[in-house]
Amino acid sequence: MTLTQPTTLTPIEARVLGTLMEKSRTVPDSYPLSLNSLMLGCNQKSSRDPVMELSEADVASALENLMALSLMRTNTSGRVARYEHNFQRGIGVPEQSAVLLGLLMLRGPQTAAELRLNTERWYKFADISSVEGFLEELQDRSLDKGGPLVIKLARAPGAREQRWAHLLCGPVDEAQLAQSGSARGTDGAPGALARIEQLEAEVAQLRATVQLLCTELGVSATAP
């Protein structure tokens, strides 16, 4: 079954679906996922925007709704029920488009460059132009196929590139997202300031180590 009507998910359903899509590619030996494993994946602190604290009941309810939309299947071959997504077929998009939508559901709005980097473990795009091409196809998706699935946001203040957001949870509040993008840093990368501070601390530590070694060896730490 392929959906031909616009699909509106709740944020929790999008998180559950995105997590199933991620784990199917990054930990295939553990996939399909049990309810507990899926909940842990939804609540992980890394590679999630926003971070959530979902209960098993939250996840189970989302799974029930996703199954009704033919976006998820249950695997009951073992003693514990396991769950797998049916996103690509259910929505009716190619693999590359499904990968991009999955990342947008998990990590929020991103630039094409960020998407290419973040999809490395899911799918290797040849270049940023390839990513943009699939995003534009999703943006121009015809109404008879369910309508657009992504939107290109207005450039946030101080940002160098425009970000893309998915529409699977309905229309987005561009003003709110623009403020979010500004808070993430001028390059649009999440945690950019924290990474810079970490690098500066590491450089300072390396300098101190070099100075100590030079002192012990009786040589100057100044490069010729």
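Where does S55 lie? Let's start there: S55 sits in the loop between α2 and α3. S55 is partly exposed, because its relative accessible area is 31%. Its C-alpha is 9.0 Å from that of N43, and those two are twelve residues apart in sequence.

Okay, one caveat before I go on: this is a predicted model, so please hear everything today in that light.

Let me zoom out for a moment. The chain has 224 residues, and 41% of them count as buried. There are nine helices and five strands. If you walk along the sequence, the pattern you get is α-β-α-α-β-β-α-α-α-α-β-β-α-α. About 12500 Å² of the chain is exposed, with 54% of that coming from carbon and sulfur atoms. And for those of you who like contact order: take the contacts between residues at least 6 apart in sequence, and 55% of them join residues at least 24 apart.

Right, helix packing. Two packed helices get described by the angle between their axes and the distance between the axes. So, those are the numbers I'll quote.

First up, α1 and α3. Helix α1 covers residues 11-26, helix α3 covers residues 56-68, and the two pack at about 80° with their axes 9 Å apart. That angle makes α1 roughly perpendicular to α3. Who is touching whom? On the α1 side we have I12, E13, V16, L17 and L20, and they meet D58, V59, A62, L63, N65 and L66 in α3. Sort the residues of that contact by class and you get eight nonpolar, one polar and two charged.

Now keep α1 and swap the partner. Helix α2, residues 35-43, packs with α1 at about 105°, and here the axes are 9 Å apart. What does that angle say about how α1 and α2 are oriented? They are roughly perpendicular to each other, since anything from 65 to 115 degrees counts that way. From α1, the contact uses R15, V16, T19, L20 and K23, while α2 brings L38, G41 and C42. In terms of class, this contact splits into four nonpolar, two polar and two charged residues.

If you compare the lists, V16 and L20 appear in the contact with α3, and V16 and L20 also appear in the contact with α2. Worth clicking on those two in your viewer.

While we're on α1, have a look at E22, which is in that helix. Buried or exposed, then, for E22? It counts as buried, because its relative accessibility is 8% and the cut-off is under 20%. Leaving out residues up to four places away in sequence, E22 touches Q44, S47, R48, L106 and W122.

On to the sheet. It's an open sheet of three strands, in the order β1-β3-β2, and the pairing is antiparallel. β1 and β2 are at the edges with a single partner strand each, so each has one side without a neighbour in the sheet.

Let me take the pairs in turn. β1, residues 33-34, pairs with β3, residues 82-85, in the antiparallel sense over two bridges. L33 has Y83 as its bridge partner in β3. β2, residues 72-75, also pairs with β3 in the antiparallel sense, over four bridges. There, T74 has Y83 as its bridge partner. So Y83 turns up as a partner for L33 and as a partner for T74. Elsewhere in the β2 and β3 pairing, M72 stands opposite H85. And what joins β2 to β3? A hairpin, running through six residues.

Last residue for today: M67, in helix α3. M67 is partly exposed, with a relative accessible area of 39%. Setting aside neighbours within four places in sequence, M67 is in contact with M72 and T74. Both of those came up a minute ago: M72 opposite H85, and T74 bridging to Y83. H85 itself is 18 residues from M67 in sequence, and the C-alpha to C-alpha distance between M67 and H85 is 9.0 Å.

That's my tour: α1 against α3, α1 against α2, and the three-strand sheet. Over to you.

Notes
Residues numbered from 1 in each chain as written. Predicted model: local features only at pLDDT ≥ 70, side-chain atom pairs only at ≥ 80, totals over all residues. Heavy atoms only, no water. Axes fitted to C-alpha atoms, helices over the stretch in contact; angles between N-to-C directions. Parallel < 35°, antiparallel > 145°, perpendicular 65-115°, else oblique. Contact = heavy atoms within 4.5 Å. Nonpolar A, V, L, I, M, F, W, Y, C, P; charged D, E, K, R; others polar. Pairing = 2+ DSSP bridges. Buried < 20%, exposed > 50% of the residue type's maximum accessible area, 1.4 Å probe, protein only. Areas by Shrake-Rupley, 256 points an atom, 1.4 Å probe, with all protein chains shown as cover.
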